[in-house]
Amino acid sequence: MIQRVHKITCIGAGYVGGPTMAVIADNCPDIRITVVDLNTKRIDDWNSNDLSKLPIYEPGLDEIIINCRGKNLFFSTEVEKHISEADLIFLCVNTPVKTQGIGAGEASDLKWIESSARQVAFHARGETIVVEKSTIPVKTAVTIKTILDSSIENLDSKKQNKKFHVLSNPEFLAEGTAVEDLQNPERVLIGGEDEGASEALTLIYKNWIPDNKIIRTNLWSSELSKLTANAFLAQRISSINSISALCEVTGANVNEVKKAIGMDSRIGSKFLNAGPGFGGSCFKKDILNLVYLCGYYGLIEVASYWRKVVEINEWQQKRITKIILEKLFGTLTNKKISILGFSFKSDTNDTRESPAISICKDLLSEGANLHIYDPKVNLQQIEFELNSHKSDSGTWCYSSSIYESIEDSHCVVIITEWQEFKSINWENVSKKMLKPSWVFDTRGIISINDLKSTCLNIWTIGKGDDLWK
Ligand code: NAD
Ligand code: UGA
């Protein structure tokens, strides 16, 4: 029976594996942690002496990497070796939506979970705790356990006294605040039946997290709680976004509505910012996964309820392009448009499912010339996201500064709420724009005072035009 964990291996050095293991290493100097990945470039970047090359940008992460890397935190491509040495293994691999076959477009693609479970089954030695950290459909633990246990059948494994315990320990960090979320989580959820294994994992977290924040449930409640938490958060965003459209036509102000409803403690003030729709790698995929599960169990009404949250999100993104087109006299052909922000939210370089992707593609289809600036997303990443778009009309290029992007443009579209966009000197930049000049603020970060003494026209999410006069 494992009582205390000495060696951890994390499979998957991505947005969850990297920061999560860094924070565990920082708080548990006696535990040796190795993060493994098949992606050699990613591992090289994690090992780079130039901290600006870390594959993931998260405020505060570089300091922890300096403190721990090479002491009790390691990054390696030697997956098999580190599986065999570990007494606890986190599965932190990607679980995107299936793109083909049964359940395509909704169900999670579990091929990375299955292949890492098979690697663990084959290479683990002795007693090993296997922890699902990836977000997965309910009952995936059974699949993992079946794969692991089937490896015990052979004689070699019996000689090595192989034994596995499977736990679910979903991650609730948000990108951009990952370090803060991991250092000071609102809760840690551990699902599983095996008392000893749960206790061993609890002991790790107890190094820095108060006991009352560590909650235990059965495996299935733990898996379903993760999907449900994301679905509820996303649902709040779709709800406020739907109301933002109503505010624009009625003369209400979505920020005032947000304040008024958020002060009701039964509703609460968080996750009520209207915007260009939620992005990120998880909300959409996790809701679609929930939709698939509900459909699988014949709960058609429940499935269609949650599907609407995703539909409203897509509608919100399309709505923004339509408004831009309408304000610019119904044509964007050859018009220079400054795009400020490409990441799916501020303080991250992650562009997965960013609203910027669909908005840019729609603007390109209208023939616009986009000049895209983002403080942390590089040209290659934007190329990766937009290259699948075949448009024989519009063009795009990368700008290295806000001002380069804005100069000679017809309009500016703010898509990400980066801090530096909040302090733009609009008086100066408006002089460099073509007239009539427009600013489309999809995040509601500009105030009326910022625009005094400019001749800019502004459209902002959730505010009727009249509110700017
Ligand atoms: P990611 O794509 O950034 O990282 C996953 C990594 O796993 C990749 O680098 C990939 O190369 C590696 N990998 C896949 N199969 C492997 C194998 N067999 N052996 C070694 N390496 C392998 O994904 P992510 O954003 O870190 O998300 C991981 C999981 O965590 C997902 O299930 C996601 O839903 C969940 N999650 C993500 C977040 C987030 O903010 N990104 C938050 C909470 C939960
Ligand atoms: C989200 C959850 O917040 C995490 O708890 C969860 O662990 C994670 O998904 C996951 O499972 O991947 P994340 O996607 O990183 O985290 O970031 P959020 O802060 O939740 O933002 C998601 C999207 O919603 C962003 O595009 C953001 O701009 C948007 N958003 C958020 C709004 O439009 N309005 C809001 O009020 C809040």
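A polar contact is a pair of N or O atoms within 3.5 Å; within protein, one of the two must be able to donate a hydrogen and the other to accept it. Keep that in mind as we walk through this predicted model.

**Stop 1: Asp87**

Select Asp87, which sits in the loop between α4 (79-85) and β4 (88-91). Which backbone nitrogen lies 3.3 Å from a polar atom of the side chain of Asp87? That of His6 does. Now look at Lys7: its backbone nitrogen is reached by the Asp87 side chain at 2.9 Å. Both distances fit the 3.5 Å cut-off you began with.

Next, show the surroundings of Asp87. Leaving aside residues up to four places away in sequence, Asp87 touches Ile2, Arg4, Val5, His6, Lys7, Glu127, Thr128 and Ile129. Is Asp87 buried or exposed? Asp87 is buried, because its relative accessible area is 17% and buried means under 20%. For a view across the model, add Phe344: 257 residues separate it from Asp87 along the chain, and the two C-alpha atoms are 36 Å apart.

**Stop 2: His123 and helix α5**

Select residues 111-123 to see helix α5, and then pick out His123 within it. His123 counts as buried, with 14% relative accessibility. Which residues does His123 touch, if those up to four places away in sequence are not counted? They are Glu80, Ile83, Ser84 and Lys162. Keep α5 highlighted for the next stop.

**Stop 3: Ligand 1**

Select ligand 1 and the residues around it. There are 26 of them, and Asp37, Arg42, Thr95, Glu175 and Lys285 come nearest. The largest share of this shell comes from α5, which supplies four residues. By class, the shell holds nine nonpolar, 10 polar and seven charged residues.

Zoom in on the oxygen atoms of ligand 1 and try these distances in your viewer:

- From Val16, a backbone N or O atom lies 2.9 Å from an oxygen atom of the ligand.
- From Thr95, a polar side-chain atom lies 2.6 Å from an oxygen atom of the ligand.
- From Thr135, a polar backbone atom is 2.9 Å from an oxygen atom of the ligand.

How much of ligand 1 does the protein bury? On its own the ligand exposes 830 Å², and the protein buries 93% of that.

**Stop 4: Ligand 2**

Move on to ligand 2. Of the 19 residues around it, Phe172, Leu173, Glu175, Cys282 and Arg443 come nearest. You have met Glu175 already, among the residues that come nearest to ligand 1. Which helix gives the most to the shell around ligand 2? It is α10, with four residues. The shell divides into 11 nonpolar, three polar and five charged residues.

Show the side chains of Lys226, Lys345 and Arg443. An N or O atom in the side chain of Lys226 is 2.8 Å from an oxygen atom of ligand 2. Lys345 also places a polar side-chain atom 2.8 Å from a ligand oxygen. For the side chain of Arg443, the distance from an N or O atom to an oxygen of the ligand is 2.7 Å. Of the 700 Å² of accessible area that ligand 2 has on its own, the protein covers 90%.

**Stop 5: Helix α12**

Select residues 283-296, which form helix α12. How far apart are the end C-alpha atoms of α12? They are 20 Å apart, which agrees with the span expected for 14 residues at 1.5 Å a residue.

Color the buried residues of α12: 10 of its 14 are buried, including Phe283, Ile287, Leu290 and Cys294. An α-helix has 3.6 residues a turn, so residues three or four places apart point the same way. The buried residues of α12 pack against α10 (219-250) and α13 (300-327). Just after the helix, click on Gly298, whose phi is positive, near 80°.

**Stop 6: Helices α1 and α9**

Two more helices finish the tour. Helix α1 (residues 17-27) has 10 of its 11 residues buried, so it is largely enclosed by the rest of the structure. Among them are Gly17, Pro19, Met21 and Asn27.

Finally, select helix α9 (residues 195-205), where eight of the 11 residues are buried, including Ala197, Leu201 and Tyr205. At its start, a side-chain oxygen of Asp194 reaches to within 3.0 Å of the backbone nitrogen of Gly196.

Terms used: Residues are numbered from 1 along each chain as its sequence is written. Chains are lettered from A and ligands numbered from 1 in the order in which they are written. This is a predicted model: local features need pLDDT of at least 70, side-chain atom pairs count only at pLDDT 80 or more; totals for chains, interfaces and linings use all residues. Side-chain values use heavy atoms; hydrogens and water are left out. Helices (H or I, at least four residues) and strands (E, at least two) are DSSP runs, numbered from the N terminus. Buried means under 20% relative accessible area, exposed over 50%, partly exposed in between (1.4 Å probe, protein chains only). Contact means heavy atoms within 4.5 Å. The expected span of a helix is 1.5 Å times one less than its number of residues. A residue is near a molecule or strand if one of its heavy atoms lies within 4 Å of it. Accessible areas come from the Shrake-Rupley method with a 1.4 Å probe; for residues, only the protein chains shown count as cover. Ala, Val, Leu, Ile, Met, Phe, Trp, Tyr, Cys and Pro count as nonpolar, Asp, Glu, Lys and Arg as charged, and the others, Gly among them, as polar.
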